[in-house]
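Reader: Could you walk me through this model and tell me how each label was earned? I would like to see the reasoning behind the names.

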Amino acid sequence: MGNKCCKSGPDEDALEKERLKRLRKKRRRARIKAARKIQAWWRGTLVRRTLLAAALRAWVIQNWWRAVLCRRVLQRRQDLLKIYVIREEAAVRLQSWVRMWQCHRRYCHIWHALCILQVPKGCFALQTDDHLQDQYDVPPRQPEFHIEILSV
């Protein structure tokens, strides 16, 4: 029977060792599982941080590009406005020249007509009579022409 006692001791030790070995394996698996969870969380955090940084950079670039486009549109508007102003000023100047030319032409026509219709000095003795000038509305010796110039 002594053999049985000795025999059961090593079996119990072997069982205890086996149980401890399984317990260590189980703990090791639990640690590995926890480490994997921590690593997955950390990798997710890094990915989210990288994505956030990339999104912020994209947002900055988009804002810059929108500002560039806005400046281009504004510059184009200013250029078109300058062209419009130049054309309008040219049209106004041209119209002014045409009106001035028409006025001068009318003046010259009237002046020539007055010169033709005007009687030379000393032709008629009645011309100097003021009473007859008032009564018959005889034109004066010098041509009279009044021009009213309106500014635009």
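**Labels and their reasons**

Author: Gladly. A search of the whole structure finds zero disulfides. Please keep in mind that this is a predicted model.

Reader: How do you know that Cys108 is not in a disulfide?

Author: A disulfide needs two cysteine sulfur atoms within 2.5 Å. The closest cysteine sulfur to that of Cys108 belongs to Cys103 and lies 9.7 Å away, so the gap is too far for a bond.

Reader: What makes Cys108 buried, partly exposed or exposed?

Author: Partly exposed is the band between under 20% and over 50% relative accessible area. Cys108 has 26%, so Cys108 counts as partly exposed. Cys115 has 33% and therefore also counts as partly exposed.

Reader: And the protein overall: what share of the residues count as buried?

Author: Of its 152 residues, 3% count as buried. The accessible surface comes to about 15,000 Å², and carbon and sulfur atoms hold 61% of that. As for secondary structure, there are two helices and zero strands.

Reader: Let us turn to the aromatic rings. How many aromatic pairs are there?

Author: The count comes to two. In one of them, Trp41 and Trp42 have ring centres 6.0 Å apart and planes at 45°.

Reader: Why is the pair of Trp41 and Trp42 called tilted?

Author: Ring centres must lie within 6.5 Å to pair, while planes under 30 degrees apart would be stacked and those over 60 edge-to-face. With 6.0 Å between centres the rings of Trp41 and Trp42 qualify, and at 45° their planes fit neither of those classes, so the pair is tilted. Trp64 and Trp65 form a tilted pair as well, at 5.9 Å centre to centre with 45° between the planes.

Reader: What makes Trp64 buried or exposed?

Author: Exposed means over 50% relative accessible area. Trp64 has 52%, so Trp64 counts as exposed. Its partner Trp65 has 39% and is therefore partly exposed.

Reader: How do Trp41 and Trp42 come out by the same kind of reasoning?

Author: Trp41, which sits in helix α1 (residues 2-117), has 52% relative accessibility and so counts as exposed. Trp42 has 41%, so Trp42 counts as partly exposed.

Reader: Which residues make the nonpolar surface patch?

Author: Ile38, Trp41, Trp42 and Leu46 make that patch, which covers about 440 Å². Patch members need over 30% relative accessible area; Trp41 passes with 52%, and Trp42 passes with 41%.

Reader: Now the charged side chains. Why is the contact of Glu16 and Arg19 called a salt bridge?

Author: The cut-off is a side-chain nitrogen of Lys or Arg within 4 Å of a carboxyl oxygen of Asp or Glu. For Glu16 and Arg19 the N to O distance is 2.5 Å, so their side chains meet in a salt bridge. The structure holds one salt bridge.

Reader: What separates Glu16 and Arg19 along helix α1?

Author: About one helical turn, because Glu16 and Arg19 are three residues apart in helix α1. Glu16 is partly exposed, given its relative accessible area of 35%. Arg19, at 44%, also counts as partly exposed.

Note on methods: Residues are numbered from 1 along each chain as its sequence is written. This is a predicted model: local features need pLDDT of at least 70, side-chain atom pairs count only at pLDDT 80 or more; totals for chains, interfaces and linings use all residues. Side-chain values use heavy atoms; hydrogens and water are left out. Patches are made of residues with over 30% relative accessible area and no salt bridge: like charges are joined within 9 Å, nonpolar side chains (Val, Leu, Ile, Met, Phe, Trp, Tyr) within 5 Å. Accessible areas come from the Shrake-Rupley method with a 1.4 Å probe; for residues, only the protein chains shown count as cover. Helices (H or I, at least four residues) and strands (E, at least two) are DSSP runs, numbered from the N terminus. Buried means under 20% relative accessible area, exposed over 50%, partly exposed in between (1.4 Å probe, protein chains only).
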